[in-house]
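Open the model in your viewer and keep the selection tool at hand. Here is a short tour, one stop at a time.

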Amino acid sequence: MTGLETRERQTQSIGEKMDFAGIAPRAIVTQSARTQVAIPFRSRLATVAKRYVGSSMRMAAEETDHGRLILISPVFLGAGAATWFLAASDFPAVSLGLCLLALVLAVALCGHARTKLRATLLALLLFVGGMLSAQIETWRAKTLILDSAVTTTVTGRVERREGYGQGRWRYILDVTGTDAPELKRPPERISVLVRGATQPFELGDVIEGRARITPPAGPALPHLNDFAFSAYFDGIGANGFFYGAPKKVAEQPEQAGSVAGIVLERLYSLRTGIGDRIRSTLPGDTGAFAASLVTDERRAISDETTEALRQSGLAHIIAISGLNMALSAGIFFVGLRVILSLFPGIAQAWPTKKIAAAGALAAVTAYYLISGFAVSAERAFIMMAIMLVAVFFDRPSISLRNVALSALVILAVSPSEVLGPSFQMSFAATLALVAGYDLWKGRPMRENAFAKLPIMKPFFVVGGFFGGVFLTSLIGGFSTALFSIEHFHRLTAYGLPANLAAMPVISFIVMPAGMLAMLLMPFGLDGPVWQVAGFGLDLVIKIATTVSGWGGNIDVGRLPGWYFPAAVFGFLLLTLLRTRLQHMGTAIVAVSTLAVVLLPSQAMPDIAISEDGGLVAIIDGQAMASNREKPPAFIFEQWQRALAIEEHQKPVMLQVAKAPPTAPDGKRLQLSPEQQDEAREAMKQSVATGRPSRFSCLKSAWCTALLGNGKKLTVIDNAAYLGPACDTADIVVTAVRLRFDRCRSGALLFTGETLRKTGSVELRFTDKGAEVAIAFDTLRRPWMRHRAYDWRSNTFADASLSPVSDSGE
């Protein structure tokens, strides 16, 4: 090679380096004695893009080589299940089965050489498998949900019982009959509350009483949580309460249950007995708190303590979840291993680590069996079981692979949990903690001579513990923040200091004492040990009360629908990958959050209507004015969180000289023409003199309000006022289930019947008119079909389209 050629090559190499660095804005010119070559800017961009794509492909191949595909497999399985549950109608099961079979054959014929094709086929296989498992779980549930609220005499067999505090008990009844009226579609299992009972009924008792039962609640607002979905898969067809204390039926029919049913009944009976004993030993909230840690019976804790725990970020303690299972397994594992190490013959001849793991596995299994089988307990048990079994095979117990395996098991058995906050938050926290543990374990180690000094070792041990609690609380808080915003629309500002103060008490006092008390309970020696656990729980309640007194709840409100899946995708990339590709996840979460903050949010609704028509609110961005002096807390608190509005403006109750007419006993109220004219004039006068965007109400008759845009809103409690309301208002709402859904005057009408099919409603006023947003567009899914049932004809109406979905344009 000549000197001229060598200089030309060097000049070209320098130009390529400048090109990659982006120094030349439009072109780089290399000169030689013979030629001048111009490299276009587009070619430079193509070269850079090709290099980045090649680098990404290499990192993706590295992820595959490190076995990251098994970690992503639950994502595809869960995505398939979520797609099936969120669809407007069921997918054909035969088509799903054939598609799954075709994918299995394709994967088998693909071989291991075609890595990319095989990975794609496996992802599709898991996705379709998730859809099919969702279909199978729905078939398996077959829960019959009550179609509408009714008062009837219920006879049922007590399957489960849970203390509710202050002489109240919540029972799960296997319904054996209804009377006065006899229901054509009675639910098979209901949840009912009994007030004022001196002694609870025992499991297996058949009880009878007059009860008010209602279907499980739908979304409080469109796009909020549908409680009927979880009730369907829990097998609960109705909720309600008894009027007075029910009576025990003297003659109880024989129950020829299966072996599994008998075993479950024995377990529930054991669980109930343990909870009763703990609450009798530790009265008040302390005993209820202790019982919740053992049996997951949380309803006996007072509302004040529950709210304090929630506001302080300590509510996760009362749920049997990964924390409880991990502490139980760890205490038993370490304790048994220490005891075995005291005997040199056993320690030298037997694998004490595996024996301790077997003992810990037996302990967490017993814990799970008396926990009530909640999803958080199920998830924690499966994860701990996989980790302890890994010890038997000398495999790492804390690993992302074990988290993925436990997720696969739960999604295969109960795919409906993929949409629940418990599953999402618990796995998010576990995933983030294990990923953080892997990073901490892989950090470069540096020797610290100062830490080796005997006098400094205790300080480093204590500092390490509190540092671990700090990092655990920090990672857990950040990882679950996204899901807390999506499901509960708020964040806890002081959860970190509360957990730093409470977790040492839980770890060193409450859980060890509780485990020892459970071991001593069969011998009747558990009382003094429960007192020790109660002392620790009193400290935790004190911490929760103190921190909740600081305030600090951050109401976020509803976020755009695209944000949650985008942020979850980024979170999964960040925690599941190990190469620089994980930074894509950080970028996705950051950009999505920044877009939500900077971009204009969706306009708030002007009017919110509950699914039964009994509660209506006018929203002005700063306050909600409702038609009830004491609105139902269950619905109204969800509205406050979702809309990030705390102020409640109560209605102005009108004082009139003449009380409104009432109906004779057992008859429907009918107004004479004169009474209708009086009601019409009273409504007009109420609108004219009332405060804008504030309800004025005549008790047990009607409420009126003048909206900011000049439209008139009327809510009537009795169908007799429908004519005057339609004549004087632009929007009429009633809880009465009328057979028609339009006013003759053209006013927009929402009745108990239309709202039953649409669910809750939001109205927004624009220049084009009223935009109506509804909770349900169709009622084709099994957990929605009860809304389309007509008890008069004993048939299901065609509810493919909501009756008010297009009436507000």
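The stops below go from the whole protein to one pocket and then to one residue.

**Whole protein.** Show everything first. This is a predicted model. Its secondary structure comes to 24 helices and 24 strands. The protein has 809 residues, and 44% of them count as buried. Now show the surface. About 41600 Å² is exposed, with carbon and sulfur atoms supplying 61% of that area. Next, think about contacts between residues with a separation of 6 or more: 65% of these join residues 24 or more positions apart.

**The second largest pocket.** Select A432, A435, G436, L574 and T575. Of the 43 residues that line the second largest pocket, these lie nearest its centre. The pocket has a volume of about 1300 Å³. Which elements give two or more residues to its lining? Colour them one by one: α3 (69–86), α13 (375–392), α14 (400–413), α15 (421–441), α16 (457–488), α19 (563–576) and α20 (582–598). Pause on α16, which gives the most to this lining, with 7 residues. Then colour the lining by residue type. You should find 26 nonpolar, 11 polar and 6 charged residues.

**N499.** Move on to helix α17, residues 495–520, and select N499 there. Is N499 buried or exposed? Its relative accessible area is 9%, so N499 is buried; the cut-off for buried is under 20%. Now show what lies around it. Leaving out residues up to four places away in sequence, N499 touches G313, L314, H316, V469, S473 and P504.

Note on methods:
Residues are numbered from 1 along each chain as its sequence is written. This is a predicted model: local features need pLDDT of at least 70, side-chain atom pairs count only at pLDDT 80 or more; totals for chains, interfaces and linings use all residues. Side-chain values use heavy atoms; hydrogens and water are left out. On a 1 Å grid over the protein atoms alone, a cavity is a set of points where a 1.4 Å probe fits but cannot get out, and a pocket is an open set with protein on both sides within 12 Å along at least five of seven lines; lining residues have an atom within 4 Å of a point. Grid points are joined across faces, edges and corners, and a volume is the space filled by probe spheres set on the points. Helices (H or I, at least four residues) and strands (E, at least two) are DSSP runs, numbered from the N terminus. Ala, Val, Leu, Ile, Met, Phe, Trp, Tyr, Cys and Pro count as nonpolar, Asp, Glu, Lys and Arg as charged, and the others, Gly among them, as polar. Buried means under 20% relative accessible area, exposed over 50%, partly exposed in between (1.4 Å probe, protein chains only). Contact means heavy atoms within 4.5 Å. Accessible areas come from the Shrake-Rupley method with a 1.4 Å probe; for residues, only the protein chains shown count as cover.
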